[in-house]
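Biologist: Could you take me through one part of this model at close range? I would love a look at the largest pocket, along with anything else that helps me find my way around.

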Amino acid sequence: MFLEVVREWLCPNKCIVCRSFIKENSEVGLCLHCEEALLERNLCPRCGKPYSVDSSVCSYCNEVPRGVTRILALFPYVDFYKESVLRWKYTGIRKYAKGYSVLMANLIQREHLDIDCLIPVPIARHRYFERGFNQAFDLAHEVSNDTSIPVLELLERAYDTKPQSACKKEERAKNIHKAIRVKEDTKQDLQIEGNVPINIALIDDIYTTGSTVAECIRALKQETSIQIQDIYVLTVCLAI
Ligand SMILES: [Zn+2]
Ligand SMILES: [Zn+2]
């Protein structure tokens with residue numbers, strides 16, 4: 001008991017989204033308020049964005065990259081959620097990936113997603129050297145621990161680009177084009193196993209225009225012989 005009090009005092013348990021103190025023993029690290037605000041209701045089943053109020057036809061689905069079956073996100077890319085994902089991205093606090101991962105594992109189970117492997121979206125090499133970690137890879141491995149779905153570290157950056165966040169919407173596709181490739185040393189293994197269609201999930205931190213996801217799909221389709229059936233995109237935050 002005494003130790004618990006000291007631990008609480010030294011490293012108080014804060015919500016990974018709003019940073020308010022949490023008393024309850026949350027596996028995810030979310031306060032009740034933030035847990036209730038998860039992106040779960042009234043969403044388009046394909047692109048994951050909220051439906052407009054009076055329409056049953058989604059006006060955003062035409063922006064989904066070709067080949068993507070569904071996009072699923074935990075939070076909208078606004079307010080506290082945006083700050084939370086950016087804190088994680090720039091500091092690499094371990095408990096964030098663990099918390100997001102539990103939520104993603106729940107999402108996979110609740111939506112009955114049949115996923116054969118998790119493929120993290122690679123970040124630029126110089127940013128990896130700056131930060132010393134790759135948030136999408138860390139998250140993919142945490143999700144793998146929580147779901148037993150294997151991670152395939154298939155993709156890498158072919159060259160460094162301007163950050164997508166620094167590009168205008170119309171520049172993004174051009175900026176990232178051919179910037180992602182399949183790792184040389186994984187190609188051979190894939191060719192051996194490449195006859196059965198598989199379902200994949202691309203794992204990323206933030207989804208905005210979909211240009212990076214489209215580039216990952218281009219690389220997978222053009223540079224491997226794996227047959228891909230369903231492509232899911234699992235992301236922490238979705239720009240809406
Ligand atoms: Zn909170
Ligand atoms: Zn939609």
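Modeller: Happy to! One term before we start: a residue counts as buried when its relative accessible area is under 20%. Please keep in mind that this is a predicted model.

Now to the largest pocket, which holds about 540 Å³ of space. Its lining is made up of 28 residues, and Lys89, Gln164, Ser165, Asp205 and Thr212 are the ones closest to the centre. Four elements give two or more residues each to this lining: helix H3 (79–91), helix H5 (125–131), strand S5 (198–207) and helix H9 (211–223). Strand S5 supplies the largest share, with 4 residues. By character, the lining divides into 8 charged, 9 polar and 11 nonpolar residues.

From helix H5 we can step along to the loop that leads to helix H6 (135–147), where Asn134 is found. The relative accessible area of Asn134 is 7%, so this residue is buried. Leaving aside residues up to four places away in sequence, Asn134 touches Val121, Pro122, Ile123 and Tyr128.

Another landmark is the zinc ion (ligand 1). Its protein donors are the SG atoms of Cys15, Cys18, Cys31 and Cys34, at 2.3 to 2.4 Å from the ion. The angles among the 4 donor atoms run from 103 to 116°, and the site is tetrahedral. In sequence, the donor residues follow the spacing C-x2-C-x12-C-x2-C. Cys15 has a relative accessible area of 1%, so Cys15 is buried.

Key
Residues numbered from 1 in each chain as written. Chains lettered and ligands numbered in written order. Predicted model: local features only at pLDDT ≥ 70, side-chain atom pairs only at ≥ 80, totals over all residues. Heavy atoms only, no water. Donors = N, O, S within 2.8 Å, 3.2 Å for Na, K, Ca; no water. Tetrahedral: all angles 85-135°; square planar, octahedral: opposite > 155°, others 65-115°. Buried < 20%, exposed > 50% of the residue type's maximum accessible area, 1.4 Å probe, protein only. 1 Å grid on protein atoms, 1.4 Å probe; cavity = no way out; pocket = protein on both sides within 12 Å on 5 of 7 lines; lining within 4 Å. Points joined across faces, edges and corners; volume = space filled by probe spheres on them. Nonpolar A, V, L, I, M, F, W, Y, C, P; charged D, E, K, R; others polar. Contact = heavy atoms within 4.5 Å.
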